[in-house]
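Here is a friendly note to read with the model open on your screen. Take the points one at a time and look for each place as you go.

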Number of protein chains: 2
Amino acid sequence: MSSVPAFKRLPRAVREQQMLDAAVKVFSRRGFHAASMDEIAEDAGISKPMVYAYLGTKEELFVACLHREGTRMMQAIAGAAAPDLPADERLWRGLRAFFGFVGAHRDGWAVLYRQARGEQPFAGELATMRARLVEVVAGMLDHALRADGREIAAIDLEVVAYALVGATESLADWLADHPDAEPEKTATRMMNVAWLGAAQLLHGVTWRPPAD
Amino acid sequence: MSSVPAFKRLPRAVREQQMLDAAVKVFSRRGFHAASMDEIAEDAGISKPMVYAYLGTKEELFVACLHREGTRMMQAIAGAAAPDLPADERLWRGLRAFFGFVGAHRDGWAVLYRQARGEQPFAGELATMRARLVEVVAGMLDHALRADGREIAAIDLEVVAYALVGATESLADWLADHPDAEPEKTATRMMNVAWLGAAQLLHGVTWRPPAD
DNA sequence: GCGTAACCCTACGCACGAGTAGGTATGCTC
DNA sequence: GAGCATACCTACTCGTGCGTAGGGTTACGC
């Protein structure tokens with residue numbers, strides 16, 4: 001009679017992924033606090049204690065989500081922007097991969113990311129990820145500069161990179177809120193804003209405040 | 001005996017401001033959810049029911065904070081960037097005012113703003129404010145374009161403006177996290193990234209994706 | 001000086017949701 | 001097929017914190 005159990009038993013690795021899928025979905029929809037562990041468990045087709053057994057507390061679960069999605073994103077970018085390309089080409093491919101990723105995970109990644117910015121417990125995790133991005137961008141700029149025989153203070157580079165990353169994140173938000181927008185086009189627009197400005201800087205053109 | 005009450009009674013308008021001050025402080029420190037109405041009340045030197053009587057529920061209180069601080073910021077910007085100035089001058093003054101404001105309210109405005117991004121209930125309020133900013137920036141770009149005899153699709157303008165606003169917000173975050181950074185210098189850096197790129201666009205220089 | 005409105009309090013009710021205790025079934029190993 | 005680990009469940013406890021009931025006190029108009 002019980003030869004076919006209503007719901008089959010699955011190995012841990014599989015269930016963990018299902019739970020993470022559900023968690024990303026629910027966290028995105030409701031936000032970290034409004035999301036309940038019960039709903040996540042139900043959505044994963046499992047009971048709550050299993051979630052605790054496998055992924056730990058609510059905070060740990062959220063961090064796990066952030067980590068998995070963040071890693072996927074970084075891989076998407078890294079896979080697209082080979083380090084031996086010229087800077088503008090790298091930037092372009094990186095941006096295209098980034099917006100492509102966000103576009104394909106509209107209600108996952110972007111929202112998760114947004115959540116994490118507000119809550120202190122996750123500031124660390126977030127900062128790490130952003131720092132890696134900033135580092136990559138700053139490295140690209142620096143590389144291009146040296147090839148041009150010029151040099152800029154590291155802090156300035158970091159701030160510029162920060163601004164570029166910020167602008168990109170912002171457009172990612174915009175993309176997440178506009179279901180019909182095309183990721184590719186968004187990336188092009190970002191290039192227009194970012195690279196034209198950055199290219200000027202790289203060629204030694206700077207803006208100075210008026211004497212006033 | 002009771003000629004000098006331990007704590008004096010104050011008119012509503014005054015108490016409301018005190019409550020809002022306390023609320024901004026606590027919301028910033030703890031985040032929306034972790035902040036408790038009790039703590040806010042205590043910090044304001046008043047009891048909880050008064051807060052409910054004057055400012056309503058926790059959500060309404062948060063919106064009130066957001067609204068007051070947002071209005072102050074907009075005024076600071078509007079007061080600095082007179083509409084009859086040339087576009088670059090306006091942008092510069094607006095940015096300087098903005099970063100000045102954020103710098104002066106490091107643990108108030110920026111953190112509050114960050115909070116609001118994550119929680120759905122406030123998305124509307126936030127979107128309204130950002131939309132006003134985007135509109136202003138887009139208007140500046142558009143104005144500069146027309147003066148140059150050129151024209152760009154409204155959507156493109158909006159997206160560019162969005163990116164600029166995003167970059168600016170991002171640097172505001174950076175500023176909030178770096179107590180020693182100078183707002184003025186940050187504004188200059190932002191100008192470098194933003195205006196040099198925007199200026200190129202305004203002069204008809206655009207970046208196009210490689211045939212690939 | 002007396003009523004009334006505004007200011008302010010001490011206590012509670014109550015829902016919600018994180019996390020757990022304790023137990024059952026299933027498959028795998030030898 | 002006995003033993004054991006792994007997958008899985010139902011049914012709780014318990015803290016936390018929002019929001020309120022109900023009542024006291026000071027100022028102000030008349």
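**Notes on the two chains and the DNA**

1. Let us start with the protein pair: 45 residues of chain B touch 45 residues of chain A, where contact means heavy atoms within 4.5 Å. Please keep in mind that this is a predicted model, in which local features need pLDDT of at least 70 and side-chain atom pairs count only at pLDDT 80 or more, while totals for chains, interfaces and linings use all residues. Residues are numbered from 1 along each chain as its sequence is written, chains are lettered from A and ligands numbered from 1 in the order in which they are written, and side-chain values use heavy atoms, with hydrogens and water left out.

2. How much area do chain B and chain A bury between them? The value is about 4200 Å², with 60% of it on carbon and sulfur atoms. Buried area is the accessible area (1.4 Å probe) that two parts lose on being put together, summed over both. On the chain B side, B:R117, B:V193 and B:W207 lose the most area to chain A, together 18% of what that side buries.

3. Now look at chain A by itself. It has nine helices and zero strands; these are DSSP runs, with helices being H or I of at least four residues and strands E of at least two, numbered from the N terminus. The C-alpha atoms of chain A fill a box of roughly 80 × 35 × 30 Å, taken along the principal axes.

4. Two packed helices are described by the angle between their axes and the distance between the axes. In chain A, α4 (residues 58-80) and α5 (residues 87-104) pack at an angle of about 145°, and their axes are 8 Å apart. Axes here are lines fitted to C-alpha atoms, for helices over the stretch in contact, and angles run from 0 to 180 degrees between N-to-C directions. On the α4(A) side the contact includes A:M73 and A:I77, and on the α5(A) side it includes A:F98 and A:F101. By class, this contact has seven nonpolar, one polar and three charged residues. Ala, Val, Leu, Ile, Met, Phe, Trp, Tyr, Cys and Pro count as nonpolar, Asp, Glu, Lys and Arg as charged, and the others, Gly among them, as polar.

5. Which residues come closest to DNA strand C? Of the 20 residues that surround this strand, the closest are A:M37, A:K48, A:Y52, B:R15 and B:S47; a residue is near a strand if one of its heavy atoms lies within 4 Å of it. A polar side-chain atom of B:R15 is 2.5 Å from a phosphate oxygen of DNA strand C, and a side-chain N or O atom of A:Y52 is 3.3 Å from a phosphate oxygen of that strand. The surface near DNA strand C has ten nonpolar, three polar and seven charged residues.

6. DNA strand D has 19 residues around it, and A:R15, A:S47, A:P49, B:M37 and B:K48 come nearest. A backbone N or O atom of A:S47 lies 2.8 Å from a phosphate oxygen of DNA strand D, and a polar side-chain atom of B:Y52 lies 3.2 Å from a phosphate oxygen of the strand. Of the atoms of DNA strand D within 4 Å of the protein, 59% belong to sugar or phosphate and the rest to bases.

How values were computed. Polar contact = N/O pair within 3.5 Å; in protein donor to acceptor, adjacent residues only side chain to side chain.
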